[in-house]
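Here is a set of short exercises to work through with the model open beside you. Try each task on your own, then compare your route with the solution.

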Amino acid sequence: MTPSLAAILPASRIRDRLIDRIAYANDASYFRLVPQAVVQPNSIGEIQALFQFSQQNRIPMTFRAAGTSLSGQAVTDGILVDISKHWGDYSVEENAGKIRFQPGIVGGFINNVLKPHGRRIGPDPASIDACMMGGILANNSSGMCCGTTENSYKTIHSMTFVLPNGFVLDTSRPDAHKIFENEQPHIAKGLLELKQRILNSNAKYKDETLAEKIRRRYQMKNNNGYLLNAFLDFEHPLDILIHLLIGSEGTLGFIAEGVLHTLPDYTYKYTGQMYFKNIRDAAAAVYPIKQSGARAVEVMDRESLRSVEHLPGVPAILKELPAGATAILAEYQASDSETMLQFKKEAGRVIHELKLIHDVNFTDDPIQQAALWKPRKGIIASVGAMRPRGTTSVNEDVAFPVQHLADAVTDLRHLFDDFGYTEGVIFGHAKDGNLHFLVNQAFDTPEQIQFFDKFLREMVGIVSGKYDGSLKAEHGTGRNMAPFVETEWGAEAYAIMRDLKSLLDPDGMLNPGVLINDNPQAHVTH
Ligand SMILES: Cc1cc2nc3c(=O)[nH]c(=O)nc-3n(C[C@H](O)[C@H](O)[C@H](O)COP(=O)(O)OP(=O)(O)OC[C@H]3O[C@@H](n4cnc5c(N)ncnc54)[C@H](O)[C@@H]3O)c2cc1C
């Protein structure tokens, strides 16, 4: 294969030694696929040529930014297109009201560029100091404070994209809409037809039309499947497409440049950690804390806290907490002292009413705040580091309507017990009903794989079947949840997603198996 790739890129940017291919065989998920070659293009022309190469030779192609994805969407046994070495330009625009960037820049770097202007980007994944803008947009990542209103879907201004057919467009051009209609009439028409299918659907799901169901489900964080709300939120096919490329996990096209609206970087912060007797009491406290104006409400169960209690600088009380105790880390943020004063009053009033097992001290000291955030940010790495040899940490990411959080989290904990995942941890962005959990699982024997398959299916039954939650809230569908997109969304919505994929990528060579996958066992394959 390398000789023909050599017609596209210089040898110094093609890596096909076994050692390189193995080094790129994993993202941060539990999947492993060894690419045939890793290429490092540095121009749109090279991306177009790679699309052509992949389609002509029927070799799949997958983009990789930082590779911190947790659902298996950044691995391939075809060509892995590594964009982390180039694609690093950026510019601050309109008094930092907007930021323009190429996709190979780390998110935390962009925030550092914006900081002196008192601005930041909306998405705030815990991985922001490692992950890159291409991955943040393509996964529609969110995070601690970023719920459904500050993610890339909501804050994207424009982008330059490259479609699998080679068409390139900078959507910030004043004539972009006309160009798209004129030069891509088939795709423009196809997108409008998919929109009409949603609007015309009369089938009822639990008394809702498809359009009503889509609107309701995106009030929760939801990254399972394509972002179907784009069909309802926008009229022009180009605007629909821009918002579908967000969260498409590199399966519809390449994002060569993005422009995001920025948000205020709040300077006043007030942070505290509260301890509850059990996870049910903690879950019940989430709604009032959220209503009092907290921007972050992070929940950590006893096992999560245990995984980080040894870290230097974390609150000493962690080691003394009784079994079952659960913490909530809450943070209020404001751009001025008067607003912060109001938040402090509200916080005091609400916290007074909570059933806590320990006194709580809120702080506006950045050093103490960092000490409080340290355990929360360290959970994934700590659990991963402590896992038994030969096992893999599996990180799931679900969301429930907040009113069901207490019941749902109790059911999940029982599920862990039933499957003997005693070290399993539950934590997450409770303000948005978004929970992560980690279990350590070996995948060496058919029995171990079957065991995990059974566990995952039961989890899907609880999250989707019992509570009508999202099976992926922010980490992306990947291969891990692809077999269950239809379970969550139903046949009609899933058919629309499939037709969308065929419309943009008729050859099916762009990141196949991610998000749409015909293999009902895709979550335990590779
Ligand atoms: C410790 C840890 C904590 C995390 N915390 C969070 C969190 O709090 N919130 C959250 O939402 N996520 C979180 N994640 C998940 C992950 O970090 C994010 O999804 C991140 O945005 C992925 O970025 P990346 O650069 O690593 O992308 P990659 O993993 O390299 O790629 C992600 C997807 O985007 C596609 N892609 C990349 N670049 C482009 C492009 N230019 N055009 C088209 N497609 C492209 C890839 O093909 C792939 O499908 C966490 C992960 C880890 C390991």
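Two strands count as paired if DSSP finds at least two bridges between them. Keep that cut-off at hand for the strand exercises, and remember that the structure is a predicted model.

**Exercise 1. Divide the chain into its domains, then describe where domain 3 and domain 4 meet.**

Solution. Start with the bounds: domain 1 covers 2-82, domain 2 covers 90-264, domain 3 covers 268-466 and domain 4 covers 482-524. Next, take the C-alpha centres of domain 3 and domain 4, which lie 31 Å apart. Then look for contacts between these two domains: six residues of domain 3 are in contact with six residues of domain 4. Finally, sort the domain 3 side of that contact by class, which gives four nonpolar residues, one polar and one charged.

**Exercise 2. Describe the shell around the ligand: which residues are closest, and which elements supply it?**

Solution. Begin with the count: 37 residues surround the ligand. The closest of them are Ala65, Gly134, Gly135, Ala138 and Gly250. Now assign shell residues to elements. Strand E3 (61-64), helix H5 (133-138) and strand E10 (254-261) each supply at least two, and H5 gives the most, with four residues. Move up to the domain level: domain 1 and domain 2 each provide at least three residues of the shell. As a last step, split the shell by class into 17 nonpolar, 16 polar and four charged residues.

**Exercise 3. Trace the sheet that contains E10, and say which strands stand at its edges.**

Solution. Follow the pairings across the sheet: the order is E5-E6-E10-E8-E9, an open sheet of five strands with antiparallel pairing. Strand E5 (90-93) and E9 each have a single partner strand, so one side of each is left without a neighbour in the sheet. Neighbouring strands are turned by 15° against each other on average, direction ignored.

Now zoom in on strand E8 (residues 156-162). Its antiparallel pairing with E10 runs over six bridges, and Ser158 faces Val259 of E10 as its opposite residue. With strand E9 (residues 168-170), E8 pairs in the antiparallel sense over three bridges; here Phe161 stands opposite Leu169. E8 and E9 make a hairpin with five residues between them, and Gly166 in the turn has a positive phi of about 95°.

**Exercise 4. Do the same for the sheet that contains E15, then place the helices H14 and H15 on the strands they touch.**

Solution. The order this time is E12-E14-E13-E16-E17-E15, an open sheet of six strands with antiparallel pairing. The edges are strand E12 (268-276) and E15; each has a single partner strand, so one side of each lacks a neighbour in the sheet. From one strand to the next, the twist averages 15°.

Take the E15 edge. Strand E15 (residues 392-399) is joined by eight bridges to the antiparallel strand E17 (residues 434-441), and Val394 stands opposite Val439. Seven of the eight residues of E15 are buried.

Cross to the other edge. E12 pairs with strand E14 (residues 326-334) over nine bridges in the antiparallel sense, with Thr271 opposite Glu331. Helix H14 (residues 337-352) lies across E12 and E14 and runs at about 10° to E12. Helix H15 (residues 366-386) also packs on the sheet, touching E12, strand E13 (296-300), E14, E15, strand E16 (425-429) and E17. The direction of H15 makes about 60° with that of E12.

**Exercise 5. Is Phe416 buried or exposed, and which residues is Phe416 in contact with beyond its neighbours in sequence?**

Solution. Locate Phe416 first: this residue is found in helix H16 (residues 405-418). The cut-off for a buried residue is 20 or more other C-beta atoms within 10 Å. Phe416 has 20, so Phe416 is buried. Leaving aside neighbours within four places in sequence, Phe416 is in contact with Tyr421, Gly424 and Val439. Val439 is the residue of E17 that stands opposite Val394.

**Exercise 6. Why can helix H11 be called largely enclosed?**

Solution. Count the buried residues of H11 (residues 237-245): eight of its nine are buried, so the helix is largely enclosed by the rest of the structure. Among them are Pro237, Leu238, Ile240 and His243. Just after H11, Gly247 takes a positive phi of about 75°.

Conventions. Residues are numbered from 1 along each chain as its sequence is written. This is a predicted model: local features need pLDDT of at least 70, side-chain atom pairs count only at pLDDT 80 or more; totals for chains, interfaces and linings use all residues. A residue is near a molecule or strand if its C-beta atom, placed from the backbone, lies within 6 Å of it. Ala, Val, Leu, Ile, Met, Phe, Trp, Tyr, Cys and Pro count as nonpolar, Asp, Glu, Lys and Arg as charged, and the others, Gly among them, as polar. Domain bounds come from an automatic or database domain assignment. A residue is buried if 20 or more other C-beta atoms lie within 10 Å of its own, exposed if 12 or fewer, and partly exposed in between; C-beta atoms are placed from the backbone. Two residues are in contact if their C-beta atoms, placed from the backbone, lie within 7 Å. Axes are lines fitted to C-alpha atoms, for helices over the stretch in contact, and angles run from 0 to 180 degrees between N-to-C directions.
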